[in-house]
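Here is a small set of exercises to work through with the coordinates open beside you. Try each task before reading its solution.

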Amino acid sequence: MKNEHIRRSALADLFLDTPLCNAHTTGTDILWAGLPMITLPLEKMATRVAGSLCVATGLGEEMIVSSMKKYEDRAVELALNPVKLQALTNKLKEVRMTCPLFDTARWVRNLERAYYKMWNLYCSSRHPEPFKVVEDDNESPFDR
């Protein structure tokens with residue numbers, strides 16, 4: 001059961017993400033449970049998911065590292081400093097209801113903005129191109 005899975009996640013002190021294939025749904029679940037994670041984004045998409053999840057909590061700087069050495073150092077630092085680890089846990093629990101990661105309505109609005117931009121590119125006979133979704137850009141009919 002999902003609620004049991006979430007409760008079990010909260011029993012751990014720290015989630016050590018695997019660099020070669022990051023936590024995806026599990027990462028979301030453990031963050032929702034208030035369990036801090038340490039992750040090391042690499043080059044491929046499957047190695048960058050957990051970093052995106054951490055950034056979307058607003059606490060990415062505290063959970064994302066840039067090397068295996070920093071990964072190990074951060075894990076040891078938090079394991080040996082329960083006050084610092086508890087502070088991170090508390091911050092994560094505090095932002096849970098307001099951070100973009102768990103704001104489904106916001107996520108849907110931004111996805112609709114992306115679809116609208118892609119549709120406009122297609123309708124104007126332009127080739128696909130990179131773009132950034134900007135909240136409240138008033139380009140999308142969904143913002144009115």
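The exercises below concern this predicted model, and each is followed by a worked solution.

**Exercise 1. Overall layout**

Task: Find how many helices and strands the chain has, and in what pattern they follow one another along the sequence.

Solution:
- Start with the count: there are 7 helices and 2 strands in the chain.
- Next, read along the sequence, which gives the pattern α-β-α-β-α-α-α-α-α.
- For the extent, take the principal axes of the C-alpha trace, along which the chain spans about 55 × 30 × 30 Å.

**Exercise 2. Surface, burial and charge**

Task: Work out what share of the 144 residues is buried, and how far apart the mean positions of the positive and negative charges are.

Solution:
- Buried residues account for 32% of the 144 residues.
- The accessible surface adds up to about 9,500 Å², and carbon and sulfur atoms supply 59% of that area.
- Turn to the contacts with a sequence separation of 6 or more: 54% of them join residues 24 or more positions apart.
- Finally, the chain carries 19 positive and 19 negative charges, and their mean positions lie 1 Å apart.

**Exercise 3. Disulfides**

Task: Decide how many disulfides the chain has, and explain why cysteine 54 is or is not bonded to cysteine 99.

Solution:
- Recall what is being sought: a disulfide is a covalent bond between the sulfur atoms of two cysteines.
- The cut-off needed here is that the two sulfur atoms lie within 2.5 Å.
- For cysteine 54, the closest cysteine sulfur belongs to cysteine 99 and is 11 Å away, so it is too far for a bond.
- Looking from the other side, the closest cysteine sulfur to that of cysteine 99 is in cysteine 54, again at 11 Å and too far for a bond.
- The count is therefore 0 disulfides by this rule.
- As for their surroundings, cysteine 54 is buried at 0% relative accessibility, and cysteine 99 is buried with a relative accessible area of 5%.

**Exercise 4. Along helix α1**

Task: For lysine 2, isoleucine 6 and serine 9, state whether each is buried, partly exposed or exposed, and list what each touches beyond four places in sequence.

Solution:
- Lysine 2 is in helix α1. Its relative accessible area is 49%, so lysine 2 counts as partly exposed, given that exposed requires over 50%.
- Lysine 2 touches Thr25 and Asp29. The C-alpha atoms of lysine 2 and aspartate 29 are 9.0 Å apart, with their positions 27 residues apart along the chain.
- Isoleucine 6 also has its place in helix α1. With a relative accessibility of 16%, isoleucine 6 is buried.
- The contacts of isoleucine 6 are Asp29, Trp32 and Ala33. Its C-alpha distance to glycine 27, 21 residues away in sequence, is 11 Å.
- Serine 9 belongs to helix α1, which covers residues 2-9. Serine 9 is buried, at 9% relative accessibility.
- Serine 9 contacts Ile30, Ala33 and Leu35.
- Put the lists together: Asp29 appears for lysine 2 and for isoleucine 6, while Ala33 appears for isoleucine 6 and for serine 9.

**Exercise 5. A loop residue**

Task: Locate alanine 23 in the chain, and say whether it is buried or exposed.

Solution:
- Alanine 23 sits in the loop that joins β1 (15-16) to α2 (25-32).
- Its relative accessibility is 8%, so alanine 23 is buried.
- Beyond four places in sequence, alanine 23 touches Phe15, Asp17, Val49, Ala50 and Leu53.
- For a longer span, glutamate 112 is 89 residues from alanine 23 in sequence, and their C-alpha atoms are 26 Å apart.

**Exercise 6. A backbone angle to check**

Task: Find the phi of serine 125 and where in the chain this residue lies.

Solution:
- Begin with the general expectation: most residues other than glycine have a negative phi.
- Serine 125 is not a glycine, yet its phi is positive, at about 60°.
- Its position is in the segment after α7 (104-123).
- The relative accessible area of serine 125 is 68%, so this residue is exposed.

**Exercise 7. An annotated region**

Task: State which residues UniProt assigns to the feature "domain: O-GlcNAc transferase C-terminal", and describe their secondary structure.

Solution:
- The unreviewed UniProt entry places this feature at residues 2-111.
- Over residues 2-111 the chain is 58% helix and 4% strand.
- The C-alpha atoms at the two ends of residues 2-111 are 25 Å apart.

Key:
Residues numbered from 1 in each chain as written. Predicted model: local features only at pLDDT ≥ 70, side-chain atom pairs only at ≥ 80, totals over all residues. Heavy atoms only, no water. Buried < 20%, exposed > 50% of the residue type's maximum accessible area, 1.4 Å probe, protein only. Contact = heavy atoms within 4.5 Å. Areas by Shrake-Rupley, 256 points an atom, 1.4 Å probe, with all protein chains shown as cover. Lys, Arg positive; Asp, Glu negative; His and termini not counted. Charge placed at Lys NZ, Arg CZ, Asp CG, Glu CD. UniProt positions renumbered as here; feature names shortened; annotations may be inferred.
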